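Q: I'm new to this one, and I'd like to learn how to read it. Could you show it to me and take me through it step by step?

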There are 2 protein chains.
Amino acid sequence: MGVKNGLKLGFILHGVGRGWDSWRHPEAVIDGSTNIDLYVKQAKIAEKGKFDFVFVADSLHIDERSMPHYLSRFEPATILSALAMVTQHIGLVGTFSVSYTEPFNLARQFASLDKLSRGRAGWNVVTSWLEGTAANFSRDHHIGHGERYRLANEYVQVVKGLWDSYEPGAIVGDKQGGVFLKPGTLHQLNHKGEFFSVRGPLNLDRMPQGHPVLFQAGNSDDGRAFAAANADAIFSLPRNKEAAFAYRADLRERTAAAGRDPDTLFVFGGISTIVGSTREEVQRLSAERNSYASIEGALLSLGQSFNDYDFSQHDLDAPFPAVKEEWLSSSQGNVKTVLAAVEQDKLTLRETALRFGKPMDSFEGSPEEVADQLQDWFESGAVDGFMLGESLPGQFEIFVEQVVPILQARGLFRSDYSSDTLRGHLGLAVPENRYVAQRHNAAETDVARKEPANA
Amino acid sequence: MGVKNGLKLGFILHGVGRGWDSWRHPEAVIDGSTNIDLYVKQAKIAEKGKFDFVFVADSLHIDERSMPHYLSRFEPATILSALAMVTQHIGLVGTFSVSYTEPFNLARQFASLDKLSRGRAGWNVVTSWLEGTAANFSRDHHIGHGERYRLANEYVQVVKGLWDSYEPGAIVGDKQGGVFLKPGTLHQLNHKGEFFSVRGPLNLDRMPQGHPVLFQAGNSDDGRAFAAANADAIFSLPRNKEAAFAYRADLRERTAAAGRDPDTLFVFGGISTIVGSTREEVQRLSAERNSYASIEGALLSLGQSFNDYDFSQHDLDAPFPAVKEEWLSSSQGNVKTVLAAVEQDKLTLRETALRFGKPMDSFEGSPEEVADQLQDWFESGAVDGFMLGESLPGQFEIFVEQVVPILQARGLFRSDYSSDTLRGHLGLAVPENRYVAQRHNAAETDVARKEPANA
């Protein structure tokens with residue numbers, strides 16, 4: 001099984017729980033989102049399951065109504081650096097917004113994480129879509145949607161440029177000769193663009209992965225275009241296999257159109273699993289999970305995608321409210337999906353909230369049945385892999401102990417790590433340093449010039 | 001021995017070495033400044049020696065002429081989070097500039113570090129004084145010296161305000177009652193100042209230390225005033241015991257004048273040590289250390305304090321060059337100290353560079369002699385403690401094995417940790433949350449109003 005074409009698995013660390021009311025489960029850890037022991041435990045389970053990576057989501061604005069996991073949680077760069085020391089192989093992917101962190105600082109923290117984890121860093125690129133965020137960062141207004149992706153594109157170019165500051169092997173440390181840094185191998189970027197002016201160089205030399213792996217979660221037209229141009233991986237919460245297939249097909253087409261090999265952009269489906277040994281147990285667990293999905297929580301979750309709109313002011317069983325202009329400046333892909341479904345199925349607000357405001361969908365059944373569903377989606381080309389969340393406390397450990405061995409026995413998933421880096425797990429090449437590449441190209445041009453009549 | 005009044009010890013992690021040429025030592029680790037194994041090893045040695053903290057310095061701008069340790073090194077938030085997982089007691093202090101990081105992001109990373117280290121975070125507040133730094137952060141000009149400290153004062157107020165967002169015990173997680181967050185215990189900051197507008201709240205609840213410990217390194221008038229108003233600890237590189245005494249006395253006076261107990265600002269002297277078992281060995285090691293201090297390195301180091309001025313263009317043995325206006329916008333305390341010495345002692349450029357461009361001064365001798373010097377400075381009131389750097393590879397381990405036991409036997413230094421937090425080691429109280437304090441004050445006023453005639 002080539003790693004590049006094998007099934008890929010990531011796990012989202014959700015601390016206290018990934019739904020609005022999952023903290024009320026008897027085994028939910030109340031301070032789970034800032035509990036280092038819980039994070040260490042889950043990261044170790046994921047590594048035991050030979051997962052490609054663990055994933056830390058993020059946001060930069062809360063109020064009293066925020067979801068428990070959002071209210072108080074570890075910051076990604078710090079928690080991932082900590083987890084690097086208690087794991088050996090698993091990738092460490094963290095969410096960072098391009099909206100409110102200087103590219104120099106971000107480039108540095110990811111390079112540092114890649115160094116100290118020996119090549120396991122991944123950056124989930126987001127444009128912060130909560131309107132309230134601007135007020136935490138001395139800004140009057142949040143950046144508009146179109147401008148945001150122009151900024152994101154430029155930002156990624158700056159960060160990649162900074163990561164190339166040092167050529168590989170620049171620091172020679174020749175003690176006899178007295179040469180620490182090989183002359184001419186440290187480069188200024190001298191970027192001057194619409195949003196940023198960054199001279200460089202970065203004060204961290206070439207990292208194990210060359211560049212950390214780039215993730216993105218996007219559903220809008222701009223988001224998909226951004227991923228096709230920049231990302232190594234993208235994930236979404238698919239409604240069903242057909243929608244997932246269409247999403248992946250669209251992204252592969254866009255990636256090819258952007259001049260890239262579509263096999264270098266991996267599409268992850270966000271799901272959770274409920275595994276039981278009998279049909280009755282599965283039904284009981286499923287009902288238990290649903291009992292923690294309150295309508296109040298679903299309304300709040302839905303509101304987040306609609307620019308923090310307060311849906312609780314409307315009648316739950318009346319038709320979905322008329323479109324407000326403010327919704328359209330928000331997370332566009334989600335809003336469009338919801339409004340299309342409302343239009344087509346004539347949904348009430350309650351129906352809409354329960355359909356779209358719930359946590360990720362689940363694959364449910366015996367270990368074999370869950371493995372069957374994962375295999376079916378993967379082999380149908382609906383996904384390249386899955387971003388797993390935990391449906392109920394304990395379910396992730398059960399997945400690793402009972403479902404992973406089946407995937408391994410079927411030859412779908414690795415039985416052990418064959419690499420120590422995240423790029424290695426995913427089968428992604430280490431990007432060549434741009435200055436080395438320039439010299440290679442110049443040398444080839446030179447050779448071609450010297451041997452013009454050889455063909 | 002009360003912890004508050006005991007000798008305090010910190011260790012600076014310097015990776016490849018703290019001088020310009022120390023990397024040429026046969027045992028220097030060439031990639032030491034990005035070598036996780038070396039950082040882990042040194043942090044563990046410091047913890048074995050019961051040190052109060054390890055310290056990570058930082059800067060945000062390099063070029064080909066930069067000092068080896070500056071060229072490529074770990075970023076503080078990431079490396080300290082990593083070290084938190086391989087140590088249990090020792091404090092973790094990192095340098096962050098107020099000039100180029102959003103206060104919301106900084107408040108969060110330190111709160112996260114404090115959470116995952118269970119109360120061991122410290123923030124060394126700096127204003128970035130290298131002119132070239134601005135060009136890495138989309139700024140035309142670096143901020144002037146006076147404005148910089150006004151900004152730093154406001155910044156610290158914002159960050160402290162964000163750290164108070166959650167009252168202690170705000171997250172109750174009452175599963176039966178369905179109350180996750182106790183109403184009224186999460187507060188917006190609503191800061192609007194000259195430089196920042198930050199609404200809050202921070203998305204991290206009360207951390208073990210309340211606020212991380214605040215460090216500062218400052219010599220200028222503005223820097224000392226800032227420390228007197230804000231810092232828990234300050235450090236400098238003293239020229240001799242008398243200068244150290246005067247520095248500490250001045251800071252204690254300023255701290256009292258700012259309305260604080262002077263015993264809550266600890267003054268650290270930056271030194272290194274050379275320990276040998278015979279006089280001959282000490283002399284040999286001292287000569288070895290000096291052999292790695294090149295005049296070229298000393299000139300570059302001196303230039304850094306003078307706004308990156310290139311001193312190599314001047315005759316080494318001519319009188320020190322005439323004052324340039326650009327020097328005065330730089331690291332003012334250092335510039336004044338150097339120019340005063342040049343004036344008084346009629347120094348040449350070479351003499352100035354060798355006196356001021358060298359790494360920290362050393363205490364040298366047998367273990368007892370080095371302990372004597374530490375004790376003398378401490379008991380004379382010249383310092384509250386020392387920030388130790390390593391003079392030569394291996395010397396830090398020798399210090400921990402041979403000098404620390406003497407300090408312990410003399411009752412000057414702890415024999416074991418009596419606390420798990422940095423505040424605990426230093427004997428500093430956990431600051432009361434501002435909203436809790438407001439209620440306490442209101443209640444006291446209320447009591448006083450009800451019992452007006454009791455006296």
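Q: Let's start with one helix. Which elements do the buried residues of α3(B) pack against?

A: Keep in mind that this is a predicted model. From chain A, the partners are α3 (76-84) and α4 (103-116). Chain B itself adds α1 (36-48), β2 (53-56), β3 (91-97) and α4 (103-116).

Q: How many of the residues of helix α3 of chain B are buried?

A: The cut-off to use is under 20% relative accessible area. In helix α3 (residues 76-84) of chain B, 9 of the 9 residues are buried, so the helix is largely enclosed by the rest of the structure. Among them are Pro76(B), Ile79(B), Leu80(B) and Leu83(B).

Q: And how do I read the way the two chains are arranged?

A: Here's the general idea: two copies of a chain are related by a rotation about an axis and a shift along it. In this case, a rotation of 180° with 0.0 Å of shift along its axis puts chain A onto chain B, with an RMSD of 0.0 Å. The two copies are thus related as by a two-fold rotation axis.

Q: Which residue of chain A comes closest to the rotation axis?

A: That's Ala82(A), with its C-alpha at 2.2 Å from the axis. As for the interface, 100% of the interface residues of chain A are also interface residues in chain B, so the copies meet through the same surface.

Q: Let's zoom out to one chain. How many helices and strands does chain A have?

A: You'll find 15 helices and 13 strands there. With a radius of gyration of 23 Å, close to the 23 Å that the globule rule gives for 455 residues, chain A is as compact as a globular protein of that length. Its C-alpha trace spans about 75 × 55 × 50 Å along the principal axes.

Q: What share of the residues of chain A counts as buried?

A: Of its 455 residues, 60% do. Chain A exposes about 17,500 Å², and carbon and sulfur atoms supply 49% of that area.

Q: Now a single residue: is Ser128(A) buried or exposed?

A: Use the under 20% cut-off again. Ser128(A) has a relative accessible area of 9%, so this residue is buried. You can find Ser128(A) in the loop between β4 (121-126) and α5 (145-163) of chain A.

Q: What separates the C-alpha atoms of Ser128(A) and Gly173(A)?

A: A distance of 42 Å, with the two residues 45 residues apart along the chain.

Terms used:
Residues are numbered from 1 along each chain as its sequence is written. Chains are lettered from A and ligands numbered from 1 in the order in which they are written. This is a predicted model: local features need pLDDT of at least 70, side-chain atom pairs count only at pLDDT 80 or more; totals for chains, interfaces and linings use all residues. Side-chain values use heavy atoms; hydrogens and water are left out. Copies are superposed by least squares on the C-alpha atoms of residues with pLDDT of at least 70 in both. Contact means heavy atoms within 4.5 Å. Helices (H or I, at least four residues) and strands (E, at least two) are DSSP runs, numbered from the N terminus. The radius of gyration is taken over C-alpha atoms; the globule rule is 2.2 Å times the number of residues to the power 0.38. Buried means under 20% relative accessible area, exposed over 50%, partly exposed in between (1.4 Å probe, protein chains only). Accessible areas come from the Shrake-Rupley method with a 1.4 Å probe; for residues, only the protein chains shown count as cover.
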